[in-house]
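Student: Got a minute to go through this one with me? I'd like to start with how the parts fit together.

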Amino acid sequence: MGISKWLATAVCGGSLALLSLQSAEVSVELNTKEELGEKLFSDPILSRGRAISCASCHIPQFAFADTAAFSIGDKGTRLTRNSPALTNLSGRTDFFWDGRAGSLEEQVLGPLSAHDEMDLSVDQAVERLRKDDFYSAAFQKVFKSEVNDKNLLSAIAAFERTLETTDTPYDRYLDGDEKAMSEAAVRGRMLFIGKANCATCHSGEDFTADRFKSIGLFNGKELNDSGRFKITKDSAHIGLFKVPGLRNVAVTAPYMHNAMFKTLREVVQYYNTPDKFVRNPINRDLSLGSALNLSDHEVDDIVTFLEALTDDRFKQK
């Protein structure tokens, strides 16, 4: 009689990863690299001390962002920038606030190997996964090869490419359901496109022009993160940061690379009167040179529109 023992059952974001041991062989019920990437995303095996996973800083129920101003790394180190959301990245061209990665695969490698984050070189991660019976079998099944740096990064990036969201009141409104958005949200959309000038940077299907902008959050003093300049060393890039997409933005607070705004209303108020928040900014974009003169009601309407960009799966119950 054969001996069968279930070793583990793990649920990751609604998909079931089932591990069994039968006749000394591991049976893997994962069929795609996306499913494998999802399991890896939530597994602390990829951090040096096995204290955190990708999902620790990119929490699924908050559009894969962090609710903390600054995430905590594997060794308990407080990071220096706010963890951005990971939804709707498949069409992006640059990653991280400073754009230092040019692909999702390269983006995965960043926190994995960063000393203050997961602190595990890709070679160490590959070795660790090869020694794990489940992952050794899973990679053989999905990739028809043993674990290597390429298919490790490919699996997690493939999962991240599935995080596209279009099930929102805004999308239903565009599809012809005039009642999908409230009257305030409809007014807010028109302000977003017009008077508030938001669409200059936040354009397209995902509300980002895939550019870098300085919105005035660098003054060389208490606001001293120079952003894109750290990568390019071009003085014209001082204070520039990647323009993020705005889908699901209502559930990804706090906001900006330095998490200085706790609410969407604060964000809109900043753009309305930036000089009231930061005096003498360095290299601020000329488009933010004057106040927008939005009324309180108009600010509220824009916030309501931004809330309408939230996918149904992230609606807070």
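Tutor: Sure. Keep in mind that this is a predicted model. Domain 1 and domain 2 bury about 1900 Å² between them, and 54% of that is on carbon and sulfur atoms.

Student: Which residues of domain 1 lose the most area to domain 2?

Tutor: R81, R92 and W97. Together they make up 32% of what the domain 1 side buries.

Student: And where are the domain bounds in the chain?

Tutor: Domain 1 covers 33–162 and domain 2 covers 169–314. Their C-alpha centres lie 27 Å apart.

Student: How many residues are in contact on each side?

Tutor: 27 residues of domain 1 touch 23 residues of domain 2.

Student: OK, what about salt bridges, how many across that interface?

Tutor: The rule finds 3 between domain 1 and domain 2. As for the make-up of the domain 1 side that touches domain 2, it has 12 nonpolar, 9 polar and 6 charged residues.

Student: What does R81 pair with in a salt bridge?

Tutor: With D225: their side chains meet at 2.7 Å, N to O. R81 is also one of the three domain 1 residues that lose the most area to domain 2.

Student: And how many residue pairs are in polar contact between the domains?

Tutor: 9 pairs, counting those where both residues are at pLDDT 80 or more.

Student: Switching topic: where does N219 sit?

Tutor: In the loop between β4 (212–213) and α9 (229–232).

Student: Buried or exposed, that N219?

Tutor: Buried, because its relative accessibility is 8% and the cut-off for buried is under 20%.

Student: What does the N219 side chain make a polar contact with?

Tutor: The side chain of E222, at 3.0 Å. If you leave aside neighbours within four places in sequence, N219 is in contact with a run further along: V278, R279, N280, P281 and I282.

Student: Now E105. Which helix is that in?

Tutor: Helix α3, residues 104–113. E105 counts as partly exposed, because its relative accessibility is 24%.

Student: What does E105 contact, sequence neighbours within four places aside?

Tutor: L153, S154, A157 and R161. Take L153: it is 48 residues from E105 along the chain, yet their C-alpha atoms are separated by 5.3 Å.

Student: Let's do backbone oddities. Which residues does the cis peptide bond join?

Tutor: A253 and P254, with omega at about 0 degrees. P254 is in the loop between β5 (241–242) and α10 (264–272).

Student: What's the phi of A63 like?

Tutor: Positive, about 60 degrees, although A63 is not a glycine.

Student: Where is A63, and is it buried or exposed?

Tutor: A63 is in the loop between α2 (54–57) and α3. A63 counts as buried because its relative accessibility is 0%.

Student: And N88, what's the phi there?

Tutor: Also positive, about 60 degrees, and N88 isn't a glycine either. N88 lies in the loop between α2 and α3.

Student: Why does N88 count as buried?

Tutor: Because its relative accessibility is 4%, and buried means under 20%.

Student: Great, that covers my list.

Technical notes
Residues numbered from 1 in each chain as written. Predicted model: local features only at pLDDT ≥ 70, side-chain atom pairs only at ≥ 80, totals over all residues. Heavy atoms only, no water. Helix = DSSP H or I, 4+ residues; strand = E, 2+ residues; numbered from the N terminus. Buried < 20%, exposed > 50% of the residue type's maximum accessible area, 1.4 Å probe, protein only. Polar contact = N/O pair within 3.5 Å; in protein donor to acceptor, adjacent residues only side chain to side chain. Contact = heavy atoms within 4.5 Å. Domains from an automatic or database assignment. Buried area = accessible area lost by both parts, 1.4 Å probe. Salt bridge = Lys/Arg side-chain N within 4 Å of Asp/Glu carboxyl O. Nonpolar A, V, L, I, M, F, W, Y, C, P; charged D, E, K, R; others polar.
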